[in-house]
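Here is a short tour for anyone meeting this protein for the first time. Keep the picture open while you read.

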Amino acid sequence: MRAEIITVGTELLLGQTLDRHSQYLSQECSPLGIGVYYHTSVGDNRQRLLEVIQLASSRSELIFLCGGLGPTMDDLTKETLAEYLDVRLIQDPETVTHLEKLFVGRTIATNNFKQTYVFPDGVVFTNQNGTAPGLSVKSKGVTYICLPGPPNELVPMFETSIRPFLLQLLPEKQVIDSHTLSFFGIGESLLEERLNDIIENQTNPTIAPYAKEAGVTLRITAKAKDKTTAHAMVQPTLSAIMERVGEYCFSEKEESLEEVVISFLKQQQRTLSVVESCTGGLLAHMVTSVPGSSEVFKGGIVSYTNEVKNQIAQVPLDVLQQHGAVSSWTAESLATQTLKQFQTDLSLSITGVAGPDPSEGKPVGLVYIGLAEKGQPSRVYQFQFKGSRRRIQLLAAKYALFILQQCLKKGETTT
């Protein structure tokens, strides 16, 4: 079944309200075997909403309309849909009774009764958390479902009424099993190139790449009559992908790099410290954003100046004078000295030029990442990043985590 979602409200277009309804409904439709192909947001304008409904009706079998069911003049979703379908709304006695119960002991403003009008021969879904009921009507092979805008009304209504209603619409129950792979250290274009033949020959399961600000996600999706069959269909494709680019995959559970790193540290009962220059504490922020990170993360230093690198991070002055703050020698010294100071099992260091101007005669984007590990020689990795100052800082912090993740992965333990 081909579906799409229309969210109604000028506040969406102004950026005052974030559209979470499309995300929620898409996630809920997927396990039911309902494919959502389009998301559209439109303001509180009758003509534009009419045009959007007309387009949606030409290409979809199931259309959700979210919002615009309230009592005010700019709530015009069902009225516009009724105009498009050329039907006249009728007052529903049960909805009137429900409204009167909600306002018992209080005066009901006249405009509230606008919400009691429904589609003839349609379905009414009682709103247990508000005044505007949900509605459904079918015309010319298309099923329309109108849902209230407030999330605390839409979500419970979907759970109690809409999901069972949708199951009755489906001619044959079909479920979807999705498996997500998260990659780092390889760009979207190169990832697609490595997997080109698999992606081009996809039918069921399908493969969809999603580029993120730092990293790439692949979603493998299979449709079948039951969850077990769909899950089994995913496995050969998953294995083929991992065989080719598994070295860049850091998670199969939609986790962030920092979450994976903290999980590994906990499993291996190891501790971490960090020392940062050009990232200014971003790495420590990422690590401490993970709940439970205090079990394994002891702390860090933001050594933004040479004075702090020398006096606090204990980088020898001759190293800074001879090689500069942005060098492999400084990165190694930062990681090694911080490991000793914090008495941790591992330590990461970052030093580089985030821009916008070169430093020490070294180009913008040049970054060194050091990794010190108890009982092992310290290692330093050199990168040349491109982009804005913010992007260079983000990539530096993410690559530091990826380097650590790769190190921890080699010593992976099972619990």
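Which elements do the buried residues of α10 pack against? Let's start there and then work outwards; bear in mind throughout that this is a predicted model.

## Helix α10 and its neighbours

The buried residues of α10 pack against three strands, β12 (249–251), β13 (272–276) and β15 (346–352), and against two helices, α11 (282–288) and α15 (389–410). The helix itself covers residues 257–268, which makes 12 residues. From its first C-alpha to its last it reaches 17 Å, close to the 16 Å expected at 1.5 Å a residue.

And who are those buried residues? They are Leu-257, Glu-258, Val-260, Val-261, Ile-262, Phe-264, Leu-265 and Gln-268. Step just past the end of α10 and you meet Gln-269, which takes a positive phi of about 55°.

## The overall layout

Zoom out, and the chain divides into domain 1 (2–169), domain 2 (175–251) and domain 3 (257–412). The centres of domain 1 and domain 2, taken over C-alpha atoms, are separated by 35 Å.

UniProt has something to say here too: an unreviewed entry lists residues 4–168 as "domain: MoaB/Mog". Over residues 4–168 the chain is 38% helix and 22% strand, and the C-alpha atoms at the two ends are 18 Å apart.

## A buried threonine

Now hop over to helix α5 (residues 93–102), where you'll find Thr-95. Is Thr-95 buried or exposed? Its relative accessibility is 6%, so Thr-95 counts as buried, the cut-off being under 20%.

Leaving aside residues up to four places away in sequence, Thr-95 touches Gln-115, Thr-116, Val-118, Val-124 and Pro-133.

## The largest pocket

Next stop, the largest pocket, with a volume of about 740 Å³. It is lined by 24 residues, and the closest to its centre are Ser-30, Ser-178, Tyr-210, Arg-219 and Thr-221.

Several elements give two or more residues to the lining: helix α2 (21–29), along with β2 (35–42), β9 (175–183), β10 (206–212) and β11 (215–224). Which of them gives the most? That would be β2, with 5 residues.

## Two cis peptide bonds

Keep an eye out for a couple of prolines. The peptide bond from Asn-204 to Pro-205 is cis, with omega near 15°, and Pro-205 sits in the loop between α8 (196–200) and β10.

Gly-355 and Pro-356 are also joined by a cis peptide bond, where omega is about 15°. Look for Pro-356 in the loop between β15 and β16 (366–373).

## Positive phi in the loops

Asp-121 is not a glycine, yet it has a positive phi of about 65°. You'll spot Asp-121 in the loop between β5 (117–118) and β6 (123–125). Its relative accessible area is 84%, so Asp-121 is exposed, which takes over 50%.

Gln-314 is another non-glycine residue with a positive phi of about 65°. Its home is the loop between α12 (306–311) and α13 (317–323). How does Gln-314 count at 39% relative accessibility? As partly exposed, because 39% falls between the buried limit of 20% and the exposed limit of 50%.

Key. Residues numbered from 1 in each chain as written. Predicted model: local features only at pLDDT ≥ 70, side-chain atom pairs only at ≥ 80, totals over all residues. Heavy atoms only, no water. Domains from an automatic or database assignment. Helix = DSSP H or I, 4+ residues; strand = E, 2+ residues; numbered from the N terminus. Buried < 20%, exposed > 50% of the residue type's maximum accessible area, 1.4 Å probe, protein only. Contact = heavy atoms within 4.5 Å. UniProt positions renumbered as here; feature names shortened; annotations may be inferred. Expected span 1.5 Å × (residues − 1). 1 Å grid on protein atoms, 1.4 Å probe; cavity = no way out; pocket = protein on both sides within 12 Å on 5 of 7 lines; lining within 4 Å. Points joined across faces, edges and corners; volume = space filled by probe spheres on them.
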